[in-house]
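Colleague: Before I use this model, I would like to know what stands behind its labels. Please take them one by one.

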Amino acid sequence: PTIVTAVAEGRLVYGNLQKVILYLFATSMAEIAVLLLALMLGYPLPLAAVQILWINLVTEGTITVNLVMEPPEGNEMQRRPIPTGERLLNRALLQRTALMTPVMALSTFGYFLWRLSEGLPYPQVQTETFTVLAACQWFNVLNCRSATRSALTADLFKNRWLVGGLALSIVLQGLVIYWPPMHTLFHTAAIPAAHLALIPLVASLVLWCEELRKLIARRTHARKAPTR
C-alpha cells in the first residue's frame, strides 16, 4: 500500500505540473499572438506594455501556484506509466495548446477589431480588450484542471486555493478598471456596465471549444474500451 500510495502521489504531482505548464504556455502564446496579429495587420497595439505585465504577474500569478494544489482526479493509477525521459510538455499538451492558443488569441483580437470599428475612445477599447484576455485566462485555467473531465461538472470547490486565486484575480482586475488612481498607471478606463456582459461571453469561447474536445475524447475512449 505504501508503494502504491507513493506512485499515486508521484503521478498527481507530475500531472499537476503538466497542468501548470499547459496553462502558462497556452496563455503566453495567446498574448504574443494577439500582439503579432495587430503588428502584421497594421493596427495599434491592443494592449499596453504595463497591461501585459499585469496579466503576467497578477492575473497568471494569482492562479498558477494554486493550480499546483489540484486534488487527485481519482484515476491516477489507471493511467499508463510515464516513460523515462518523457517531456512535461508532451505531444498531448501541445495538441491542446494548438486549440487553446488560437481560440484565445482570435477571441481577443476579434473583440478588439469590433470595438475599434465602433469608434469608441481608444483607452476604452484597450481596457475591454485587456479584460477579455484576462477573462480568457480565467476560463482557461478551468480547462487545464483535467484533460478529459468537463469543467462544468468538476467540483471547483475541491481546490479552494484556485477558487480564492480566481476571486482575487477578478477583484484586482476590477480595481484596475474602476479605481481612478489606476487609470493613469495602467492606461485604462471604466467599462460601462452594459458592456460587461459581452466580455465573459467572448472570453468563454475557449472553455466551450475545449469542452467539445473533451467530449470527443471521452467518446473516442469509450469506443476503444474493451467490452466485457
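**Labels and cut-offs**

Modeller: In this predicted model, R115 and E128 are both buried. The model counts local features only at pLDDT of at least 70 and side-chain atom pairs at pLDDT 80 or more, while totals for chains, interfaces and linings use all residues. Residues are numbered from 1 along each chain as its sequence is written, and side-chain values use heavy atoms, without hydrogens and water.

Colleague: Why is E210 called buried?

Modeller: Buried means under 20% relative accessible area, exposed over 50%, and partly exposed in between (1.4 Å probe, protein chains only). E210 has 1%, so E210 counts as buried. R213, at 23%, is therefore partly exposed.

Colleague: What makes R115 and E128 a salt bridge?

Modeller: The rule asks for a side-chain nitrogen of Lys or Arg within 4 Å of a carboxyl oxygen of Asp or Glu. The closest N and O atoms of R115 and E128 are 2.8 Å apart, which fits. R115 is in helix 4 and E128 in helix 5 (helices are DSSP runs of H or I, at least four residues, numbered from the N terminus).

Colleague: How do you know that helix 4 and helix 10 are roughly antiparallel?

Modeller: Axes are lines fitted to C-alpha atoms over the stretch in contact, and angles run from 0 to 180 degrees between N-to-C directions. Under 35 degrees is roughly parallel, over 145 roughly antiparallel, 65 to 115 roughly perpendicular, the rest oblique. Helix 4 and helix 10 pack at about 155 degrees, so they are roughly antiparallel.

Technical notes
Helix = DSSP H or I, 4+ residues; strand = E, 2+ residues; numbered from the N terminus.
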